[in-house]
Amino acid sequence: MSDITVIGLGAMGSALAATLIKHGLKVTVWNRSADKAAALIERGAQQAKSIQDAITASPVILVSVLDYPAARHILEQATQVLSGHTLINLTNGTPDQARTMADWVTAQGADYVDGAVMVTPELVGGTAAFLFYSGNELAFRQHERTLALLGNPVYIGNNVALAAIYDLALLASMFGMFGGYLHAAALLRSENISVTEVAPMIMSLLKAMIELYPDIAEQVDTGAQPTPSSNNAMMAVALKNIIDGSREQGVLDELMVPVWSLFERGTRQGLGAQDIAALVPLLARDASLAPSTHTPSMEPA
Ligand SMILES: NC(=O)c1ccc[n+]([C@@H]2O[C@H](COP(=O)([O-])OP(=O)(O)OC[C@H]3O[C@@H](n4cnc5c(N)ncnc54)[C@H](OP(=O)(O)O)[C@@H]3O)[C@@H](O)[C@H]2O)c1
């Protein structure tokens, strides 16, 4: 009998398993491609011969595979042995996928906790690591000390969809930042400028902008509308200049047009003199300020 089973030995599952082994836990592992277990077996992991053996080996099962369809496909081959186990699914997915998985796993007689790893594999188990959890609180508390070995375990609530919503919100912030950085790099390279040279200046600007996040959050949450130092109408013009300037330099505008579109729409709808927090309701499908059907022109003015 093992302490814990890890299903999925990609970059993340392997890091989770290795961290648990490092802390002295008996770990059983299973992966679709069995050869990926080799390095973990060398460190002391037990390799399950089948997914059924992987489940029966431990009271608690961690799942970290590419997506929910893969996780469901794997688990459906072990329905007869799931009952009585706790399944903690750290696979990235949507709120609805988490709800559906919770219903299905619970119907098999197992406890279900949904989760999300908020660091890259090499940081798992380190001080920067944190993971979100939601769903069955009793099951989470029973295994909290083990989960703490992977990174700070942040339990959000009984609503099983919460971990996925938090996960996607944080990833949206990250990918938005990466998108801007990739566009900046392409624009710089269009004039043969070293991105390496400019990167510290970009970082300096972003660090200053990050400091605005708590104020923006408060404005979104409370609806407060302080007089902005940077108003939306001004920023819509600057964003259009990024688009036009990029086109002049032969750089595609696919990443920046959606951002400009939001600022431009907000300005047309009377939010030009306000701060960026005022634009958030425009992103809600059923907000009172419904998104316009206006399609921004893709042609240079
Ligand atoms: N890597 C990161 O930085 C990071 C950070 C946070 C969260 N995550 C999340 O962690 C999860 C795993 O990511 P990863 O980085 O480990 O990805 P990965 O290295 O690409 O590994 C994917 C894993 O999913 C398995 N898989 C894919 N399709 C499958 C299928 N149809 N049936 C069975 N198994 C299947 C793969 O099995 P095979 O080996 O057989 O292909 C492998 O174990 C994802 O949900 C990801 O979003 C990753």
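Welcome! An open sheet of 8 strands runs through this structure in the order β3-β2-β1-β4-β5-β6-β7-β8, and its pairing is mixed. The edge strands are β3 (46-47) and β8 (152-157), each of which pairs on one side only. Please keep in mind that this is a predicted model; its average pLDDT is 95, and 95% of the residues score at least 70.

**Inside the sheet**

- Strand β4 (residues 60-63) pairs with strand β5 (residues 86-89) in the parallel sense, over 4 bridges.
- For a pair to look up in the viewer, try L62, whose bridge partner in β5 is I88.

**The nonpolar cores**

- The largest nonpolar core holds 56 residues, and the members that touch the most others are L16, A17, V29 and L62.
- Helix α1 (residues 11-22) gives the most to this core, contributing 6 residues.
- A second, separate core has 13 residues, including I242, L271, A277 and L279.
- Which residues does V29 touch, leaving aside those up to four places away in sequence? They are V6, L9, A17, A37, L40, A45, Q47 and A48.

**Around the ligand**

- The ligand is surrounded by 21 residues, of which G10, M12, R32, S33 and N92 are the closest.
- Two elements, α1 and α4 (68-75), give two or more residues to this shell.
- By type, the shell around the ligand divides into 9 nonpolar, 10 polar and 2 charged residues.

**A helix in the open**

- Is helix α9 (residues 213-222) largely buried or largely in the open? The number of buried residues among its 10 is 0, so helix α9 lies largely in the open.
- Just after α9 comes G223, which has a positive phi, near 80 degrees.

**A look at D53**

- D53 sits in helix α3 (residues 51-56).
- Why does D53 count as partly exposed? Because D53 has 16 other C-beta atoms within 10 Å, while a buried residue would need 20 or more and an exposed one would have 12 or fewer.
- From S14, D53 is 39 residues away in sequence, and the two are 18 Å apart in space, C-alpha to C-alpha.

**Where confidence drops**

- Over residues 288-301, pLDDT stays under 50.
- For that stretch, residues 288-301, the model has 12 contacts beyond four places in sequence.

How values were computed: Residues numbered from 1 in each chain as written. Predicted model: local features only at pLDDT ≥ 70, side-chain atom pairs only at ≥ 80, totals over all residues. Core = buried A, V, L, I, M, F, W, Y, C linked by C-beta atoms within 7 Å. Contact = placed C-beta atoms within 7 Å. pLDDT = per-residue confidence, 0-100. Near = placed C-beta within 6 Å. Nonpolar A, V, L, I, M, F, W, Y, C, P; charged D, E, K, R; others polar. Pairing = 2+ DSSP bridges.
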